[in-house]
Structure formats: structure tokens, C-alpha cells
Amino acid sequence: VSRYDYAQKKLREDGFKLVDGRKLLETIHFLTGAEVVNTTAENIAKSYVTTPDQFHQVSDEIRRALKELVESKTLIESNNQFRITSQTEQRIIDEMNRWEVPSYKIKSEIVKRLKGFDKIKSLAHFNEANVNYEFYCATDNDEPLINTGNKTLRIVFHDFYSLGHDVYDYLQQVKDNTQADKNIISIIPNTDYFNDIEKLITEIDQITHIENTHVNASDDERMVINDFASQRGEKESVRDRLLFNAYINSKAVYLYNVYNLSETNFSQQLSDLQQRMIDNIYTKRIKATISDSVAKLIISKPKNQLYTLFASDEFGFFDSSGNFIGDTLSVVSETTVLMKNHISGRDLEEKLKEAPTGYSYGLLVCTVAALFRGNKVIARYNGTDFYSAEDAGAADIFAQAKNFGKASFKAITKSLSYNQKR
């Protein structure tokens with residue numbers, strides 16, 4: 001079937017009333033040969049009509065017809081100009097169309113693109129009062145987008161292919177399945193963009209395929225292939241923009257509630273949900289902060305100055321005389337319960353940075369330093385047991401993070417006598 005016959009049949013079957021496919025291609029052929037004006041949609045429409053009055057009647061339908069014939073590869077559009085495909089082009093187009101791109105490959109490409117979006121990257125870390133909380137961002141098949149290594153806090157980006165035909169039912173299913181999951185935010189993409197995204201990924205892969213399989217192409221074929229290859233950049237740009245829109249103009253689900261997202265509210269809305277998740281998961285966290293550098297001062301300061309190191313009541317370890325009065329503090333209770341037997345500083349840090357405490361290193365090392373200064377723990381470092389902050393070498397334990405990590409600590413359940421300390 002010739003391209004002229006195909007165009008005529010195509011437009012007739014698609015319900016075009018004012019535009020005939022054969023006549024449209026004949027008009028484009030004439031303008032291309034005349035080389036007087038560019039073959040833009042407007043110039044094609046002007047040349048198609050026989051009287052100026054007809055222009056406004058048919059121009060919209062001609063634009064739609066041109067779009068359909070481009071999609072069917074009967075025409076090629078480049079720089080807003082249209083031309084009829086040559087025999088060589090048609091042959092290569094037919095070969096490209098025979099190259100089927102499987103859904104798993106399209107999924108893989110979508111995941112690859114999502115990994116590069118800055119708005120998604122920014123979700124991996126959330127800072128509250130100088131404490132960094134890591135969020136594990138992944139697909140609903142648990143393929144990492146941003147792998148922080150910590151899966152306690154999760155943001156799940158659902159795959160287009162998971163949604164099926166009824167997005168409402170799928171959304172309801174996600175709500176039901178995650179209604180008790182305080183640690184999961186679900187992102188459901190906008191499916192309005194999917195057909196175009198899928199089409200573009202397919203076309204880009206077909207261009208790559210034709211390049212790889214025509215290494216020894218003729219001059220005519222090479223010219224056609226290079227022309228298709230030159231379109232790749234624009235197609236990739238449109239693909240990324242549509243994919244971005246699909247996941248940004250989406251819906252978020254958290255604890256059975258649904259939130260409509262957009263480019264203007266995406267970052268703020270997700271930040272609010274992340275804060276809610278942290279509140280729900282890290283229920284024993286300390287919001288006040290303290291620098292790890294204070295630990296060394298806790299060991300070296302005169303007793304009557306110790307209380308001046310702490311601005312928050314949550315760190316009320318010492319009274320004005322330097323006596324330890326912090327036994328009822330939550331940070332002390334959560335730390336000492338792990339010290340029934342000797343436990344390394346590294347293991348303490350690993351356990352207490354998890355939910356529900358979420359302690360920072362600074363908070364932990366200062367707490368242990370206060371316990372040690374208050375004669376509430378025994379420290380063991382480099383094979384030596386230390387019972388008092390005044391012991392030679394005791395300050396080294398808190399001088400560096402690596403020293404603290406290597407040291408081990410055990411809570412004192414009863415007061416030690418002078419001879420026991422010796």
C-alpha cells in the first residue's frame with residue numbers, strides 16, 4: 001500500500017471529514033518540491049484550501065491529521081516542518097516498529113530516571129534539630145532508588161505497571177495494606193502521563209537498536225539513521241519531564257490518608273509527612289541537641305562547673321555542686337539498661353540510633369561521659385578498667401569517636417568501695 005493510499009484510508013477511518021489523506025500528502029509533496037515556503041502546519045493548511053475562507057474551517061483538522069500521520073510514521077516532523085517518509089525511511093521505520101521493547105526494560109528505564117531526580121534524592125535525608133534521619137526510597141518491588149542502608153523509614157514509589165486499569169481501586173488497596181504501617185509513605189504516580197512515557201522509552205530504545213544493527217549501513221540508510229538519532233535528545237528530555245510530572249503531580253498515602261501532590265507543594269507536603277513519621281517511630285527521641293565536643297569537657301571541668309555545660313533540662317545530669325542527679329532522665333534510663341554487661345561504645349551507638357530512641361552520637365557520648373564522671377559506669381579501654389574520670393588515661397576514651405567506639409562500658413548497680421575501685 002502506498003503512503004498516499006494509506007494516508008487516505010487512515011484519515012477516513014479515523015473520522016476526518018474535511019481533510020483527505022491523499023490530498024494532504026500531495027500538498028506536502030508539492031510544497032517540498034517547490035522549496036518556496038517551509039512545510040509548517042500553517043503553510044500546509046494555506047496550500048490545501050482553495051479559498052481563504054476555508055482556512056479557518058480546516059486548519060485545526062489538518063493539525064490533527066498531521067499529528068496522526070506523524071505517529072503512524074507516514075510523515076516525519078522535524079523543526080515544526082513535515083515531510084513524507086522516503087522508501088529508505090519507511091523500511092527503517094518498519095524495522096524499528098518490529099523491535100518490541102518488553103515491559104521489564106521500560107520499568108528499568110523508569111527506575112533509572114527516578115534515581116536522578118533531585119526532588120527524590122532530597123527525601124533520603126531529613127534533619128531535625130541537627131539529627132539526621134535516613135529514609136529508604138524504593139519502588140514497590142523494593143528496588144532501591146536512594147539506598148541509605150537504613151530501612152526503618154520508607155518512602156515507596158509505586159510502579160505504573162502495578163496500578164492496573166483502575167487507579168482508584170489500587171489506591172484503596174494501598175490505603176488498606178498500609179493503614180497500620182507508621183513507617184511507610186506511598187507515592188502513587190499520575191497515570192495520565194504513562195502512555196506517552198511508555199511510547200517515548202520505546203522509541204528511544206528502537207533508535208538505539210537501529211544504530212547498533214546498522215553499523216555497515218549505506219549512505220542513504222546512514223542519513224536516515226542519523227536523522228532519527230538526532231531526535232533522541234529531545235525525546236529523552238520530554239520523557240524525563242513527563243516522568244517527573246507523573247511522580248510529582250501524584251498522590252501520597254500515609255496511615256490511610258491521601259494527599260494530593262503538585263510541583264508547588266511536593267517538597268513541603270513530603271517534609272510534613274516525614275516529620276509525622278519520625279514523631280510516630282522515634283517516640284523516645286530527645287529533641288534537644290548537644291555536641292560531641294562537650295564530652296571531653298564533662299571529664300575535665302571542675303565539678304561545680306559541670307551543670308553549666310548543659311542548656312536543656314533533658315541533660316540535667318549534675319547539680320551546682322557537681323553531684324550526679326540524672327538517674328531519672330530518659331536518656332540515662334535508655335542508655336544504662338543496655339549496660340548490664342560490658343557493651344562497646346560502637347554497639348551502644350548502633351542500638352540507640354535505631355527506633356524508638358534515635359540518639360545522635362553527640363547525645364550518646366555526652367550521656368556516657370556524664371555517667372562515667374558521676375561514677376555510674378565502669379569503662380574498659382585498651383585492656384584497662386577505669387572507675388573514675390580522674391584515672392590516668394580516662395580522658396582519652398572520650399577524646400575521639402574511634403576511642404569511644406573501641407571502649408566498653410558497664411553500669412554500676414551499687415556503689416563501689418574505695419578498695420573495689422582500686
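**Figure 1. The hairpin of strand 1 and strand 2 in the predicted model.** Strand 1 and strand 2 form a hairpin, with two residues between them. Asn79 lies in the turn and has a positive phi of about 55 degrees. Strand 1 covers residues 75-78 and pairs with strand 2 in the antiparallel sense. Four bridges make up this pairing. Ser78 stands opposite Gln81 of strand 2. Strand 2 spans residues 81-84 and has two unlike faces, one covered and one uncovered. Phe82 and Ile84 make up the covered face. Gln81 and Arg83 make up the uncovered face. In a regular strand, side chains alternate between the two faces of the sheet.

**Figure 2. An open sheet of four strands.** The strand order is 10-13-11-12, and the pairing is antiparallel. Strand 10 (343-344) and strand 12 (384-386) are the edge strands. Each of these pairs on one side only. Strand 11 (residues 377-381) and strand 13 (residues 408-411) run antiparallel and are joined by four bridges. Val377 stands opposite Ala411 in strand 13.

**Figure 3. Helix 17 against the sheet strands.** Helix 17 is made of residues 361-373. The helix lies across strand 11, strand 12 and strand 13. Helix 17 runs at about 110 degrees to strand 11.

**Figure 4. The aromatic pair Phe160 and Tyr247.** A search of the whole structure finds 17 aromatic pairs. In one of them, the ring centres of Phe160 and Tyr247 are 5.5 Å apart. The planes stand at 70 degrees, so the pair is edge-to-face. Phe160 lies in helix 8 (residues 160-163), and Tyr247 lies in helix 12 (residues 232-248). The pair therefore ties together parts that are 87 residues apart in sequence. Phe160 is buried, at a relative accessible area of 5%. Tyr247 is also buried, at 2% relative accessibility.

**Figure 5. The aromatic cluster around these rings.** Phe160 and Tyr247 belong to one aromatic cluster. Its other members are Phe157, Tyr161 and Phe194.

**Figure 6. The stacked pair Phe310 and Phe318.** Phe310 and Phe318 form an aromatic pair with 6.4 Å from centre to centre. The angle between the planes is 25 degrees, and the pair is stacked. Phe310 counts as buried, at 11% relative accessibility. Phe318 is buried too, with a relative accessible area of 5%.

**Figure 7. Two lysines over tyrosine rings.** The charged end of Lys23 sits over the ring of Tyr48. The distance to the centre of that ring is 4.4 Å. The charged end of Lys175 sits over the ring of Tyr256. Here the distance to the ring centre is 4.5 Å.

**Figure 8. The whole chain, for orientation.** The protein chain has 19 helices and 13 strands. Its radius of gyration is 34 Å, well over the 22 Å that the globule rule gives for 422 residues. The chain is therefore more spread out than a compact globule. Along the principal axes, the C-alpha trace spans about 110 × 45 × 35 Å. Of the 422 residues, 45% count as buried. Among contacts with a separation of 6 or more, 61% come from residues 24 or more positions apart.

Methods
Residues numbered from 1 in each chain as written. Predicted model: local features only at pLDDT ≥ 70, side-chain atom pairs only at ≥ 80, totals over all residues. Heavy atoms only, no water. Pairing = 2+ DSSP bridges. Contact = heavy atoms within 4.5 Å. Axes fitted to C-alpha atoms, helices over the stretch in contact; angles between N-to-C directions. Phe/Tyr/Trp six-rings, centres within 6.5 Å; stacked < 30°, edge-to-face > 60°. Buried < 20%, exposed > 50% of the residue type's maximum accessible area, 1.4 Å probe, protein only. Lys NZ or Arg CZ within 6 Å of the ring centre and 35° of its normal. Rg over C-alpha atoms; globule rule 2.2 N^0.38 Å.
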